Amino acid sequence: MSSWFSRVALALILAATCAQTARAASYEFLAAPETDLNRVYRLDRATGEMGACQYGLTEGKVGATLCYQPGDGAGPQAQSEYSLIASHHVREGGVFRVDLRAGTMSICYVLNDTVVCTPPAK
């Protein structure tokens, strides 16, 4: 009987571990299409929350990672399935955030010190 309990306990531990791994892998990253911009966008695929980071120079040092937090429209959205798409326009600094379930999209870009997104539209 204890062997059965051990197997059930192991199965529960494995299920919890798999669930944590699935949650941990919920981000998507995409470089801005602008060819002279070293910015990468980050998307939480479940909530649609956006962020971005880029390389920055610092005097006398190797450099720094400059990150921009979510601003207007870039915070968590309704739970869904989100993805990022680049326009392939060589001078475009933003990316499209698409809601794969609702069919809507927003344009997200860095404005001042935050990532902002337009309201979702079809």
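Author: Two residues are in contact when heavy atoms of theirs lie within 4.5 Å. The model discussed here is predicted.

Reader: Which residues does Ala-52 touch, leaving out those up to four places away in sequence?
Author: Arg-39, Val-40, Tyr-41 and Arg-42 are on the list. So are Leu-66, Cys-67 and Tyr-68. Val-110 and Val-115 complete it.

Reader: What is the place of Ala-52 in the largest nonpolar core?
Author: Ala-52 is among the residues with the most contacts inside that core. The others named are Tyr-41, Met-50, Leu-84, Val-110 and Val-115. The core has 14 residues.

Reader: Which elements give two or more residues to this core?
Author: Strands E2 (39-44), E3, E5 (82-85), E7 (104-111) and E8 (114-117) do. In soluble globular proteins, nonpolar side chains tend to be buried together.

Reader: How do you know that Cys-53 and Cys-67 form a disulfide?
Author: Their sulfur atoms are 2.0 Å apart. The cut-off is 2.5 Å, so the pair counts as a disulfide. A disulfide is a covalent bond between the sulfur atoms of two cysteines.

Reader: What makes this disulfide right-handed?
Author: The torsion about the S-S bond of Cys-53 and Cys-67 is about 105°, so the disulfide is right-handed. Cys-53 lies in strand E3 (residues 50-56) and Cys-67 in strand E4 (residues 64-70), so the bond ties together parts 14 residues apart in sequence.

Reader: Why do Cys-53 and Cys-67 both count as partly exposed?
Author: Buried means under 20% relative accessible area, and exposed means over 50%. Cys-53 has 21%, so it is partly exposed. Cys-67 has 41%, so it is partly exposed too.

Reader: How do you know that Cys-108 and Cys-117 form a disulfide?
Author: Their sulfur atoms are 2.1 Å apart. That is within 2.5 Å, so this pair also counts. The torsion about its S-S bond is about 110°, so this disulfide is right-handed.

Reader: Why are Cys-108 and Cys-117 called buried?
Author: Cys-108 has a relative accessibility of 0%. Cys-117 has 10%. Both values are under 20%, so both residues are buried.

Reader: How many disulfides are there, and what pattern do they follow?
Author: There are two disulfides. Counting bonded cysteines along the chain, the pattern is 1-2, 3-4.

Reader: Why is Phe-29 called exposed?
Author: Phe-29 has a relative accessible area of 54%. The limit is over 50%, so Phe-29 is exposed. Phe-29 belongs to strand E1 (residues 27-31). With Tyr-27 and Val-40, Phe-29 forms a nonpolar patch on the surface. Together the three have about 290 Å² of accessible area.

Reader: What is the phi of His-88, and of Asn-112?
Author: His-88 has a positive phi of about 70°. Asn-112 has a positive phi of about 60°. Neither residue is a glycine. Most residues other than glycine have a negative phi.

Reader: Where do His-88 and Asn-112 lie?
Author: His-88 is in the loop between E5 and strand E6 (95-99). Asn-112 is in the loop between E7 and E8. His-88 has a relative accessible area of 72%, so it is exposed. Asn-112 has 66%, so it is exposed as well.

Reader: What secondary structure does the protein have?
Author: The protein has one helix and eight strands. From the N terminus on, the order is α-β-β-β-β-β-β-β-β. Of its 122 residues, 30% are buried.

Methods. Residues numbered from 1 in each chain as written. Predicted model: local features only at pLDDT ≥ 70, side-chain atom pairs only at ≥ 80, totals over all residues. Heavy atoms only, no water. Patch = residues over 30% accessible without salt bridge, like charges linked within 9 Å, V, L, I, M, F, W, Y side chains within 5 Å. Areas by Shrake-Rupley, 256 points an atom, 1.4 Å probe, with all protein chains shown as cover. Salt bridge = Lys/Arg side-chain N within 4 Å of Asp/Glu carboxyl O. Helix = DSSP H or I, 4+ residues; strand = E, 2+ residues; numbered from the N terminus. Buried < 20%, exposed > 50% of the residue type's maximum accessible area, 1.4 Å probe, protein only. Core = buried A, V, L, I, M, F, W, Y, C linked by side-chain atoms within 4.5 Å.
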